[in-house]
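Hi,

Here is the structure I promised to pass on to you. Have a look at it first, and then read on for what turned up.

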Amino acid sequence: MEKTHAQNILKLIENFEEIVITMHINPDGDAIGSSLGLATFLQEVLHKSVCIYNESTFPAWLSFLKPPCAYYTNVQEIPFKNPLVITLDAGELKRFGEELTTYIQDKKSICIDHHLGNTFFATEYTWADPSMSATGEMVAHIVFTYSDKTIESVAKPLYVALSCDTGNFTFGNTSSRCIEILAKLVATPIEIAPIREAMDNTWSEQKLHFWGRLFSEVRFSLDNKFAAVLVPSSYFDEYGVSKEDLEGFVEQMRKVKNVRMTLLMREDVKDTRPIIKVSMRSSGNDDVRAILMNFGGGGHKNAAGATLEGELEDNYQKIYSYVKQALK
Ligand code: AMP
Ligand code: MN
Ligand code: MN
């Protein structure tokens, strides 16, 4: 099945010389890893002209991965006249930001994504498969359909993509197919130890203290089945940390015995408007996506997000009422 999709996409790509790769705003490890892996493959192996666009800047915590091409945060900077646009790791146009939504209107596009609820906005092809562990796995299927081996600069970002979306190969989405792809990436070869060092052991002292504060403020409720933390924007200045320093915290709360769902809410600003970014996690049959769909969010059954307006505490109470229903 994935081979057919990969072959179809490779065939379509043959018709284009210039390609823009884009991924959801506030890109995570899978969004960045899949984009860099695909960009490197298109540029180094297929000799295409490639650039990456995202309205969010490149996340500092992934700075050990270097884009092989230009990374633009302004669509006006894209130098191509009539490129193919490949959208990664989200299935709804709004997740790519307003600028991209306008830019893509008169372009040909392909969407490669593993979320539920794809809206099939792409003009040429949509490969949407929620059984895929990561969008990086889908890109790896394309790379290995083209050739059984690849180069280190393609394999390294794809390893990071897979690792990030599977909780370093521990979540329920860690399929045997995902592990087979992992084996092929490692065989490229890539050196795992320095990648892990860069991913795991580069915290600032401030981040450690910030996490200490958050750990002490986790709210447990519903017989410890639910754990949540609220992060006001003032904390970032107080500790000298950034929103990227929260990456992974929502998973940590699940470490407590009996916790079935976790929630992290943080204050942010978008175009001078205050917003709240919500992340939820669960395991097994507990569906956090279903809860956040009530708030215009989405994602996966066990990992979902949403963007809200209003007060932290008010919104917490609203989400809590759905959680209470789900965990009763
Ligand atoms: P996060 O909690 O931001 O790491 O996101 C968890 C999952 O939900 C990821 O697969 C995201 O792509 C998805 N997601 C995050 N925010 C939103 C949103 N506002 N709308 C739809 N899906 C989202
Ligand atoms: Mn993502
Ligand atoms: Mn993903």
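A residue counts as buried when its relative accessible area is under 20%. Keep that cut-off in mind for what follows, and please also remember that this is a predicted model.

Let me start with Ile32, which is found in helix 2, residues 29-45. Its relative accessible area is 0%, so Ile32 is buried. Leaving aside residues up to four places away in sequence, Ile32 touches Met23, Pro27, Phe58, Pro59, Leu62, Leu65 and Tyr71. Pro67 is 35 residues from Ile32 in sequence, and the two C-alpha atoms are 9.0 Å apart in space.

Next, the metals, which may interest you if you plan to set up parameters. The manganese ion (ligand 2) has as its protein donors His24 (NE2), Asp28 (OD), Asp28 (OD) and Asp89 (OD), at 2.1 to 2.6 Å. Along the chain, these donors of ligand 2 follow the spacing H-x3-D-x60-D. Distant parts of the chain are linked here: Asp28 sits in the loop between strand 1 (18-23) and helix 2, while Asp89 sits in the loop between strand 4 and helix 3, 61 residues apart.

The manganese ion (ligand 3) takes its protein donors from Asp30 (OD), Asp89 (OD), His114 (NE2) and Asp165 (OD), lying 2.1 to 2.3 Å from the ion. For ligand 3 the donor residues are spaced D-x58-D-x24-H-x50-D in sequence. Asp89 is in the loop between strand 4 (84-88) and helix 3 (98-103), and His114 is in the loop between strand 5 (108-113) and strand 6 (125-128), so this pair ties together parts that are 25 residues apart in sequence.

Which residue coordinates both manganese ions, ligand 3 and ligand 2? That is Asp89, which bridges the two ions across a separation of 3.6 Å. Asp89 has 1% relative accessibility and therefore counts as buried. His114 counts as buried too, because its relative accessibility is 2%.

Now for the helix packing. Two packed helices are described by the angle between their axes and the distance between the axes. The axes of helix 1 (residues 2-13) and helix 4 (residues 135-146) come within 9 Å and cross at roughly 75 degrees. That angle is why helix 1 is described as roughly perpendicular to helix 4. From helix 1, Glu2, Lys3, Ala6, Gln7, Ile9 and Leu10 take part, meeting His141, Ile142, Thr145 and Tyr146 of helix 4. By class, the residues of this contact between helix 1 and helix 4 are 5 nonpolar, 3 polar and 2 charged.

Helix 4 also packs with helix 6 (residues 176-186), at an angle of about 60 degrees and with the axes 10 Å apart. These two, helix 4 and helix 6, are therefore oblique to each other. The crossing of helix 4 past helix 6 is left-handed. On the helix 4 side are Glu137, Ala140, His141 and Phe144, which meet Arg177, Cys178, Ile181, Lys184 and Leu185 in helix 6. The contact of helix 4 with helix 6 divides into 5 nonpolar, 1 polar and 3 charged residues.

Best wishes

Note on methods
Residues are numbered from 1 along each chain as its sequence is written. Chains are lettered from A and ligands numbered from 1 in the order in which they are written. This is a predicted model: local features need pLDDT of at least 70, side-chain atom pairs count only at pLDDT 80 or more; totals for chains, interfaces and linings use all residues. Side-chain values use heavy atoms; hydrogens and water are left out. Axes are lines fitted to C-alpha atoms, for helices over the stretch in contact, and angles run from 0 to 180 degrees between N-to-C directions. Helices (H or I, at least four residues) and strands (E, at least two) are DSSP runs, numbered from the N terminus. Angles under 35 degrees count as roughly parallel, over 145 as roughly antiparallel, 65 to 115 as roughly perpendicular and the rest as oblique. Contact means heavy atoms within 4.5 Å. Ala, Val, Leu, Ile, Met, Phe, Trp, Tyr, Cys and Pro count as nonpolar, Asp, Glu, Lys and Arg as charged, and the others, Gly among them, as polar. Donors are N, O and S atoms within 2.8 Å of the metal (3.2 Å for Na, K and Ca); water is not among the atoms, so sites may look incomplete. Buried means under 20% relative accessible area, exposed over 50%, partly exposed in between (1.4 Å probe, protein chains only). A crossing is left-handed if the near helix is turned anticlockwise from the far one by less than a right angle, and right-handed if clockwise.
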